[in-house]
Amino acid sequence: MLIRPVPFDHPDAVKLDDEVQAEYQVRYGDGGDATFVDPAHFAPPAGLYLIAYDEHGRPLATGGWRSQEANDEGYLDGDAELKRMYVIPEARGLGLARRILARLESDARTVGRTRMVLETGSKQPEAVALYTSSGYEPCAKFGYYRFHELSLCFAKPL
């Protein structure tokens, strides 16, 4: 398995993002994540975007982080926001999300971010299980969906 950094708008990243948006549509029936995401937000050192590839070069999993500072959406200074964690269905259970998460946390810590935060939904129990088993704890809601009843927010000190 090869995990490598790519731009957020890389064709493989766009393909996987389309897949995760389709999954959100199935789970929530709302057309996908409406949070504004600019590809520049994931450019190092203010962020990072990763894709895991199999031995044939097929993209299997993705995830990224972007810098956030205190603002009216509930972020705090030094936050690194986790975005677009996704593993294709046939590659689930292989530990790819956990490996990507560890790399993203390490990178964010290295550049001085102090807390990793994420927003997920109550209809994504697999995501909640990954994050809570990785040391994330519920926190005050933040971001685009902070007022949505199905939104769950978690944080972990870096």
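Helix axes here are lines fitted to C-alpha atoms over the stretch in contact, and angles run from 0 to 180 degrees between N-to-C directions. Helices (H or I, at least four residues) and strands (E, at least two) are DSSP runs, numbered from the N terminus. The model is predicted, so local features need pLDDT of at least 70 and side-chain atom pairs count only at pLDDT 80 or more, while totals for chains, interfaces and linings use all residues. Residues are numbered from 1 along each chain as its sequence is written, and side-chain values use heavy atoms, with hydrogens and water left out.

**Exercise 1.** Work out how H2 and H3 pack against each other.

*Solution.* Two packed helices are described by the angle between their axes and the distance between the axes.
- Start with the axes: H2 (residues 96-110) and H3 (residues 125-133) come within 11 Å and cross at roughly 50°.
- That angle makes H2 oblique to H3; under 35 degrees counts as roughly parallel, over 145 as roughly antiparallel, 65 to 115 as roughly perpendicular, and the rest as oblique.
- Next, the residues: Ala97, Arg98 and Leu101 of H2 meet Leu130, Tyr131 and Ser133 of H3, where contact means heavy atoms within 4.5 Å.
- Sort them by class and you get four nonpolar, one polar and one charged residues. Ala, Val, Leu, Ile, Met, Phe, Trp, Tyr, Cys and Pro count as nonpolar, Asp, Glu, Lys and Arg as charged, and the others, Gly among them, as polar.

**Exercise 2.** Find the residues that touch the most other members of the largest nonpolar core, and say which elements feed that core.

*Solution.* A nonpolar core is a set of buried Ala, Val, Leu, Ile, Met, Phe, Trp, Tyr and Cys residues joined through side-chain atoms within 4.5 Å. Buried means under 20% relative accessible area, exposed over 50%, and partly exposed in between (1.4 Å probe, protein chains only).
- The largest core has 38 residues, and Leu82, Met85, Ile100, Leu104, Met116 and Tyr131 touch the most other members.
- At least two residues each come from H1 (11-28), E2 (47-53), E3 (59-68), E4 (79-87), H2, E5 (115-121) and H3.
- E2 gives the most, with six residues.
- Apart from this core lies another, of five residues, among them Val117, Phe142, Cys153 and Ala155.
- Now zoom in on Met116: leaving out residues up to four places away in sequence, its contacts include Trp65, Leu82, Leu104, Tyr136, Phe154 and Leu158.

**Exercise 3.** Track down the backbone oddities at Pro45 and Arg84.

*Solution.* Most residues other than glycine have a negative phi, and most peptide bonds are trans.
- The bond from Pro44 to Pro45 is cis, with omega near 5°, and Pro45 sits in the loop between H1 and E2.
- Arg84 has a positive phi, near 55°, despite not being glycine.
- Arg84 belongs to strand E4 and counts as buried, at 7% relative accessibility.

**Exercise 4.** Are the loop residues Asp77, Gly143 and His148 buried, partly exposed or exposed?

*Solution.* Take them one at a time.
- Asp77, in the loop between E3 and E4, is exposed at 54%. Beyond four places in sequence, Asp77 touches Gln68, Glu69, Ala70 and Thr114.
- Gly143, in the loop between E6 and E7, is buried at 2%. Its contacts, again beyond four places in sequence, are Glu73 and Tyr75.
- His148, in the loop between E6 (137-138) and E7 (151-157), is partly exposed at 36%. His148 and Lys83 are 65 residues apart in sequence and 18 Å apart in space, C-alpha to C-alpha.
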